[in-house]
Number of protein chains: 2
Amino acid sequence: MAAYNKEKVLILTPVSRFYNEYWQNLLRLTYPRELVELGFIVPRSKDGDLALKKLEKAIKQVQTGKKENRFSKITILRQDTESLQEQSEKSRHALKVQKERRANMALARNSLLFSALGPYTSWVLWLDSDIVETPPTLVQDLVSHDKPVVSANCYQRYYNEEKKEQDIRPYDYNNWVESEQGLKMAEEMADDEIIVEGYAEMATYRVLMAHFYDSNGDQNTLMELDGVGGAAVMVKADVHRDGAMFPPFPFYHLIETEGFAKMAKRLGYQVFGLPNYLVYHYNE
Amino acid sequence: MAAYNKEKVLILTPVSRFYNEYWQNLLRLTYPRELVELGFIVPRSKDGDLALKKLEKAIKQVQTGKKENRFSKITILRQDTESLQEQSEKSRHALKVQKERRANMALARNSLLFSALGPYTSWVLWLDSDIVETPPTLVQDLVSHDKPVVSANCYQRYYNEEKKEQDIRPYDYNNWVESEQGLKMAEEMADDEIIVEGYAEMATYRVLMAHFYDSNGDQNTLMELDGVGGAAVMVKADVHRDGAMFPPFPFYHLIETEGFAKMAKRLGYQVFGLPNYLVYHYNE
Ligand SMILES: Nc1nc2c(ncn2[C@@H]2O[C@H](COP(=O)(O)OP(=O)(O)O)[C@@H](O)[C@H]2O)c(=O)[nH]1
Ligand SMILES: Nc1nc2c(ncn2[C@@H]2O[C@H](COP(=O)(O)OP(=O)(O)O)[C@@H](O)[C@H]2O)c(=O)[nH]1
Ligand SMILES: [Mn+2]
Ligand SMILES: [Mn+2]
């Protein structure tokens, strides 16, 4: 097991907003903290300033507390690239702003990765700042598959008005298997155009992992993927060291985390997802 | 000036053989050592073992010497990827082995970069292990241009049999400006083919910086480039942090340092060379 081998894990999180639930969930993770480094990148914006303040306060509490509860190292970066100011859900998702937004996210992820990855890290866990609930054994579980890249299935809790009860629904559609239609669209596109998954205007008919969740299924079920999201993805550090980054420019008509999966594959690695292993996104 | 601003420089060198002249030249560089970190990657091979032994001995001498002469940090990595065993000049250069060799070099450079680059580095100087002579002000000179990427002109000293005297000749042809012919070749190529510069079998008619050296010219003359070599190249750390790495796979039909230049350009940066600023390659 990874912890017995003293394998070091670097958890990387781009942070536009600080969620207390994210931090509490992080603190509940049971992987030994002396083997865990954290890295954050916060945009230079008003929202970023606020997030940074909360993050620093939370960190201080842990890192000045009991020695055995401290993380081995924490890096915080500010992001110099421009950041879209408006962050309401609607404005974030409009197809036309996605390209710029995702390119900007790719730059942030790359800065964080290139600056925080050291020579001794075995695994990099990408964990978004709005992932508010995961199994406490998240690190061990993802590492146990021993895959170059493995992505959890990102769902969201919500109140189902019809059923009048708490329910769950798919949130992240960036974990997918390429389709004939997707390949055809890419082929017919201009060099600089990109495909972003999850928009009706751009139906790819890709197989989306989000739809493969089976509440009775085995948590360890793996499926091979061609694209991943960034919600909760475990990457062998050597995949990044070989050069796999988050393309901010169209790479086979893909960018950011989806382009990263393609790049990992170009480097000869396989990419997997865990349809029955859920992590939960904040519900605003 | 960079040194007054306390800008940190990371010098990265892939090392298949240790040259004492390289080390002596490195020690002659006048940039303040407390601002200089070094990073090396040595292949896991017999040659690599020997190079590592010599390198470690040389490092020990400096780092256990006077405090003010020590480098701020030194990282040594071993390279896990396969390495071509034969390293005689002829076998290294045959066109057919270039693709595999350069892909392997790209993996080595990426490992070194991803592992050694920290959050505080301002500049990354790529300096090959067989560069045995440079101006002692190499770091200051290259940094002074304040360009995202700037490459020195790599020559070689040799004995000119005709003239019966010591002379110099171009060595590295990887610093170039793209040509119509180069673009046309790329367009007509299969997706996975690459162009490597400097082979008669593959005439690109690119403008090669190697031929632009003017012994009476200004050392500071800049020319914009599309491809660079790795002999002595200064890169703003933020160019790497944005994601610019050394593609081990064909990227616009280019790989390794030449692919890196293309990637820097895709990220919106300009790439330059200094035709009249010479560094010298070992002559075997
Ligand atoms: N550094 C940085 N992080 C960001 C920025 N925008 C979003 N993030 C973070 O990146 C992750 C994904 O972004 P998010 O807005 O949640 O995307 P969505 O859930 O796919 O709509 C989250 O961890 C955000 O906190 C940004 O401009 N800069
Ligand atoms: N880590 C590593 N370094 C290498 C390997 N092959 C060459 N190098 C180094 O990479 C740089 C460029 O390689 P070199 O053989 O000099 O290429 P050339 O001068 O273009 O023929 C030099 O610093 C070499 O010491 C390898 O397999 N692994
Ligand atoms: Mn989110
Ligand atoms: Mn050489």
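**Exercise 1. A salt bridge within one helix**

In this predicted model, Asp238(A) forms a salt bridge with Arg241(A), the closest N and O atoms being 2.9 Å apart. Work out where the two residues lie in chain A, and decide for each partner whether it is buried or partly exposed.

*Solution.* Begin with the position: both Asp238(A) and Arg241(A) belong to helix H7 (residues 237-241) of chain A, where they are three residues apart, about one turn of the helix. Next, consider the cut-off, since a residue counts as buried under 20% relative accessible area and as exposed over 50%, with partly exposed in between. Asp238(A) has a relative accessibility of 40% and is therefore partly exposed, whereas Arg241(A), at 7%, is buried.

**Exercise 2. Salt bridges between separate elements**

Find out which elements of chain A are tied together by the salt bridge of Asp49(A) with Arg78(A), and which are tied together by the salt bridge of Arg157(A) with Glu133(A).

*Solution.* In the pair of Asp49(A) and Arg78(A), the closest N and O atoms are 2.7 Å apart. Because Asp49(A) lies in helix H2 (residues 46-63) and Arg78(A) in strand E3 (residues 73-79), this salt bridge ties together parts of chain A that are 29 residues apart in sequence. Asp49(A) is partly exposed with a relative accessible area of 41%, and Arg78(A) is partly exposed at 23%.

In the second pair, the side chains of Arg157(A) and Glu133(A) meet at 2.6 Å, N to O. Arg157(A) sits in strand E6 (residues 149-160) and Glu133(A) in strand E5, so here the parts tied together are 24 residues apart. Arg157(A) is partly exposed at 36%, and Glu133(A) is partly exposed at 28%.

**Exercise 3. The manganese site**

Which protein residues are the donors of the manganese ion (ligand 3), and where in chain A do they lie?

*Solution.* The protein donors are Asp130(A), through OD, and His281(A), through NE2, and they lie 2.1 to 2.2 Å from the ion. Asp130(A) is found in the loop between strand E4 (121-127) and strand E5 (131-133), while His281(A) is in strand E12 (residues 271-281), so that the pair links distant parts of the chain, 151 residues apart. Asp130(A) counts as buried at 12% relative accessibility, and His281(A) counts as buried at 7%.

**Exercise 4. The neighbours of strand E6 in chain B**

Determine which strands pair with E6(B), and in which sense.

*Solution.* Take the partners one at a time. With strand E11 (residues 232-236), E6(B) pairs in the antiparallel sense over three bridges, and Ser151(B) stands opposite Val233(B). With strand E12 (residues 271-281), the pairing is parallel over eight bridges, and the partner of Ser151(B) in E12(B) is Gly273(B). With strand E7 (residues 165-170), the pairing is antiparallel over six bridges. E6(B) and E7(B) form a hairpin with four residues between them, and Lys164(B) in the turn has a positive phi of about 55 degrees. Finally, strand E6 of chain B is mostly covered, with 10 of its 12 residues buried.

**Exercise 5. How the two chains meet**

What turn lays chain B on chain A, and how many residues does each chain bring to the contact?

*Solution.* A turn of 180 degrees with a shift of 0.0 Å along the axis superposes chain B on chain A with an RMSD of 0.0 Å, which is the relation of a two-fold axis. The contact takes 25 residues from chain B and 25 residues from chain A. Among the salt bridges here, of which the count is two, is the one between Asp192(B) and Arg266(A), at 2.9 Å between the closest N and O atoms.

How values were computed
Residues are numbered from 1 along each chain as its sequence is written. Chains are lettered from A and ligands numbered from 1 in the order in which they are written. This is a predicted model: local features need pLDDT of at least 70, side-chain atom pairs count only at pLDDT 80 or more; totals for chains, interfaces and linings use all residues. Side-chain values use heavy atoms; hydrogens and water are left out. Donors are N, O and S atoms within 2.8 Å of the metal (3.2 Å for Na, K and Ca); water is not among the atoms, so sites may look incomplete. Buried means under 20% relative accessible area, exposed over 50%, partly exposed in between (1.4 Å probe, protein chains only). Copies are superposed by least squares on the C-alpha atoms of residues with pLDDT of at least 70 in both. Two strands pair if DSSP finds at least two bridges between them. Contact means heavy atoms within 4.5 Å. A salt bridge is a side-chain nitrogen of Lys or Arg within 4 Å of a carboxyl oxygen of Asp or Glu.
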